[in-house]
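Subject: Structure for your review

Dear colleague,

Please find below the structure I mentioned, together with its sequence. I would be grateful if you could read the notes that follow with the model open.

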Amino acid sequence: MCSVVGYSGPRLCRQMILEGLSRLEYRGYDSSGFACINATSKLASVKTQGGIQQLNLKIATQEMGVSISSSGENNLDGTLAIGHTRWSTHGVSTDTNAHPHFDCHKSIAVVHNGIIENFVLLKEKLQLAGHHFVSQTDTEVVAHLFEDEIKTKSLEKAVLSVVTKLQGAYALLIISEKYPDYLIAVRKSSPLCLGVADKEIFVASDVTAFTDKTDQVVFLPDESFVLISGTDYHVYNYFGERIYPPVQKNTCIWLSEGKSGYEHYMLKEIYEQKRVIIDTVNFLRGNTAAVMQQLNISPETVQDIQNIHFIGCGTSWHAGLIGEYFMQEIAQVATQSFLASEFRYKKFFSYPRTLTIIISQSGETADSLEALRLLSASKQPTVALANVASSSMVREADGFLLTQAGQEIAVASTKAFTSQIAALYIFAHWVAHSKGLITNKAIARAHEELFVAGEILENSIERYKFDIVARIAPYYAKYKNFIFLGRHISFPFALEAALKLKEIAYIFVDCYPAGELKHGPLALIDAQTPVVLFSCLDEVIYKKLYGNAQEVKARSGHLIVFAFEHQKDLIALADTVFIFPKVNPLLAPLVMTGLVQFFVYQIALLLERPIDRPRNLAKSVTVE
Ligand code: G6P
């Protein structure tokens, strides 16, 4: 996925667009570009492989060189402009494939976030009609389609005609020399919003691009487009009817604090987790009435709930898998977690008395959002558990619960995961309380348990920090493959830990429920493949895990163990061991979270990986 930013107003806006884009680089960062209508009403543009830093460099080089004509025709700034950062889907990352894309005469520029699914067919037709294509992208077809349509139609009719031909998901920004005062923004499925200030209008994939300029936001409805001219904007639906989406006050303002002295955002975010747990608990217990209103589920509905379903992707799916144990053990509700990308395409059953909670840090992940829409369409009650208050999921679900992680910048999720776990733990207690299973005292105890878990999370990093940096990470950084094992609640945690190692260190990990070891993976055990085993505090599960650890050692395996202090037998088997104090068994994953993230971070550091922005990944995946 990509990000788009546009501007219409009285100021020269190149700098503002580039600033906005750099705040959205979490969405993709393999190439970038800018186009404007300049003072001579000409389309001027620049694009490059690489992020905003490379784009700035290219602009500086161009402006120092001779390419700027004395007539000002090529001047690369204007009061109407669009910009883009890309995360390649169609066509590798090159200067040519970077956005904006143009029509045959280079008088129309288009930037796009999403995927035009039928672009091959459209491209063939356009080529047959004589259009000349230069890139491998799906986006370029939009510029050529628009070129044809504005020859004969009004601007509004031309946009309508283009969108009837497009299949897929898109947030498009378009400018053209024919309409030098108009910025066109089109939305289907991919997010897009307007920032409305006194004398200017911003448009972007995410409010973060303009939060320092205005707090007045219009979230464009799905399948709508807007024609912006100066500070005037007219929004239309896909039937060509004028619509009036409300202007809302954006209350979610995260201004970047920078890395606060840490080498990477990821490390800073690892260390913010204790604070995030405290904030989550305080927010949920201090604003119970407001939160209940936001959740929008009556006590009667809660009492009547028979099933809870969690849906998410990546780390958020792992949080749901852990949340399953909370809901089942604490609230005694049958609970199941689904991967959004699978759920969407499975046969859909409408379950009675079922609440579905969509878990998503960003609230924008395409698969999760579409799963939510599927449920809404069949009138199933939904709640979005999200970190971004202004996100599509928060707006579209029946109710929402906001996690209190603050802005998470590193692509690999750390503190957002922790805040999801803390929120789910409290939510399970609320459900149990509504069903009359526990008292207020138990809820207060749950808050205390979370505070203690946060304390342990941070203390364990401090306890092992020097050893990991000096000895443990350098030793393990040389291994090419790992096996991660967990059982019961520690299995989804093992999945999350494995994901971290894959994402930021690019090390292959196979992760299994430990009970499955003998059904295949035992064949992989040798001294060259360290096995990382995450223990549990449940006595029965612990004994089983101990058995699995013995199976590994009996085959000359190398064992790294995350264990609890009284688990002497398991500790004795380990080649490397990290020991944690005893907590409520359901919070075992939470206390291990910080240390495993820190361990993985140090390995990635030694391997010189771009930790905050791993290759091929993006933080918010708004395409399928
Ligand atoms: C991407 C990110 C992951 C994240 C997943 C789901 O893959 O790289 O860190 O867990 O999306 O994102 P969400 O915003 O829905 O939690």
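The notes below cover the ligand site and then several individual residues. Please bear in mind that this is a predicted model.

Ligand site

The ligand occupies the second largest pocket. Around the ligand there are 14 residues, and the closest are Ser-316, Ser-360, Gln-361, Ser-362 and Thr-365. By type, this shell consists of eight polar, four nonpolar and two charged residues. Helix H10, which spans residues 314–330, contributes the most to the shell, with three residues.

Three polar contacts to oxygen atoms of the ligand may be inspected directly. The side chain of Ser-362 places a polar atom 2.6 Å from a ligand oxygen. A polar backbone atom of Thr-315 is 3.0 Å from an oxygen atom of the ligand, and for a polar backbone atom of Val-411 the corresponding distance is 3.3 Å. The ligand on its own has 390 Å² of accessible area, of which the protein covers 89%.

Backbone geometry

Most peptide bonds are trans, and most residues other than glycine have a negative phi. The following sites depart from that pattern. His-99 and Pro-100 are joined by a cis peptide bond, with omega at about 5°; Pro-100 belongs to the loop between strand E4 (80–86) and strand E5 (101–102).

Ser-41, although not a glycine, has a positive phi near 60°. This serine is located in the loop that runs between strand E2 (31–37) and strand E3 (43–49). Ser-41 counts as partly exposed because its relative accessible area of 35% falls between the 20% and 50% limits. Tyr-506, likewise not a glycine, shows a positive phi of about 55°, and lies in the loop between H16 and strand E22 (508–513).

Ser-205 and Phe-491

Is Ser-205 buried or exposed? Ser-205 is buried, because its relative accessibility of 4% is under the 20% limit. The residue sits in the loop between strand E10 (201–204) and strand E11 (216–219), and a polar atom of its side chain lies 2.9 Å from the backbone nitrogen of Val-4.

Phe-491 is part of helix H16 (residues 490–505). With a relative accessible area of 21%, Phe-491 is partly exposed, since the value is not under the 20% that defines a buried residue. Between the C-alpha atoms of Phe-491 and Lys-480 the separation is 22 Å, and these residues are 11 apart along the chain.

With kind regards

Notes: Residues are numbered from 1 along each chain as its sequence is written. This is a predicted model: local features need pLDDT of at least 70, side-chain atom pairs count only at pLDDT 80 or more; totals for chains, interfaces and linings use all residues. Side-chain values use heavy atoms; hydrogens and water are left out. A residue is near a molecule or strand if one of its heavy atoms lies within 4 Å of it. A polar contact is a pair of N or O atoms within 3.5 Å; within protein, one must be able to donate a hydrogen and the other to accept it, and residues adjacent in sequence count only if both atoms are side-chain atoms. Accessible areas come from the Shrake-Rupley method with a 1.4 Å probe; for residues, only the protein chains shown count as cover. On a 1 Å grid over the protein atoms alone, a cavity is a set of points where a 1.4 Å probe fits but cannot get out, and a pocket is an open set with protein on both sides within 12 Å along at least five of seven lines; lining residues have an atom within 4 Å of a point. A molecule sits in a cavity or pocket if more than half of its atoms lie within 2 Å of its grid points. Helices (H or I, at least four residues) and strands (E, at least two) are DSSP runs, numbered from the N terminus. Ala, Val, Leu, Ile, Met, Phe, Trp, Tyr, Cys and Pro count as nonpolar, Asp, Glu, Lys and Arg as charged, and the others, Gly among them, as polar. Buried means under 20% relative accessible area, exposed over 50%, partly exposed in between (1.4 Å probe, protein chains only).
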